[in-house]
Amino acid sequence: HWACEEVIVGHLRAFLADHPNGTIEAYQQGRRSRSAPSVSTIASRFGGWRQAKTHALGADHERPVHSR
């Protein structure tokens with residue numbers, strides 16, 4: 001059902017747009033109502049939740065932000 005990587009990334013990008021912290025808990029709370037892939041499906045496809053977020057948003061979003 002979730003064979004197309006672009007579909008998985010699309011769901012993840014939509015989630016991250018609404019939940020910038022991108023926690024697994026927040027994703028799981030709304031996943032069923034969005035008919036989105038499970039966390040385990042996403043993690044298996046990309047090698048982990050963090051790697052999936054990096055892939056969906058780009059590496060720049062995973063770097064820490066330092067304030068002055």
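**Entry 1: helices α3 and α4**

I began with the packing of α3 on α4: the angle between them is about 75 degrees, and their axes are 8 Å apart. Because angles from 65 to 115 degrees count as roughly perpendicular, I recorded α3 as roughly perpendicular to α4. I then listed the residues that make this contact. On α3 they are V39, I42, A43 and F46, and on α4 they are W49, Q51, A52 and H55. Sorting the contact of α3 with α4 by class, I noted 6 nonpolar residues, 2 polar residues and no charged ones. I add here that the model is a predicted one.

**Entry 2: residue I8**

Next I looked up I8, which I found in helix α1. Is I8 buried or exposed? Its relative accessible area is 0%, so I entered I8 as buried. I then asked which residues I8 touches, leaving aside those up to four places away in sequence. The list I obtained is W2, P37, T41, I42, R45 and F46. Two of these names, I42 and F46, I had already written down for α3 in its contact with α4. For I8 and I42 I also noted the separation: 34 residues in sequence, but 7.1 Å in space from C-alpha to C-alpha.

**Entry 3: the two sides of α2**

I turned to helix α2, which covers residues 24-34, and recorded its buried residues as A26, Y27, G30 and R31. These residues cover an arc of only 140 degrees around the axis, and therefore they lie on the same side of α2. Which residues are exposed on the other side of α2? I found E25, Q29 and R32 there. I then looked up what the buried residues of α2 pack against, and the partners are α1 (5-18), α3 (39-46) and α4 (49-57). After the helix comes S35, for which I noted a positive phi, near 50 degrees.

**Entry 4: residue K53**

My last residue was K53, which is found in helix α4. Why does K53 count as buried? I noted a relative accessibility of 14% for K53, and buried means under 20%, so K53 falls within that class. I also looked up a polar atom of the K53 side chain, which lies 3.4 Å from the backbone oxygen of N21.

**Entry 5: review**

Reading back, I have α4 entered as a partner of the buried residues of α2 and as roughly perpendicular to α3. I have both I8 and K53 entered as buried.

Conventions: Residues are numbered from 1 along each chain as its sequence is written. This is a predicted model: local features need pLDDT of at least 70, side-chain atom pairs count only at pLDDT 80 or more; totals for chains, interfaces and linings use all residues. Side-chain values use heavy atoms; hydrogens and water are left out. Buried means under 20% relative accessible area, exposed over 50%, partly exposed in between (1.4 Å probe, protein chains only). Helices (H or I, at least four residues) and strands (E, at least two) are DSSP runs, numbered from the N terminus. The arc is that of the directions from the helix axis to the C-beta atoms. Contact means heavy atoms within 4.5 Å. A polar contact is a pair of N or O atoms within 3.5 Å; within protein, one must be able to donate a hydrogen and the other to accept it, and residues adjacent in sequence count only if both atoms are side-chain atoms. Axes are lines fitted to C-alpha atoms, for helices over the stretch in contact, and angles run from 0 to 180 degrees between N-to-C directions. Angles under 35 degrees count as roughly parallel, over 145 as roughly antiparallel, 65 to 115 as roughly perpendicular and the rest as oblique. Ala, Val, Leu, Ile, Met, Phe, Trp, Tyr, Cys and Pro count as nonpolar, Asp, Glu, Lys and Arg as charged, and the others, Gly among them, as polar.
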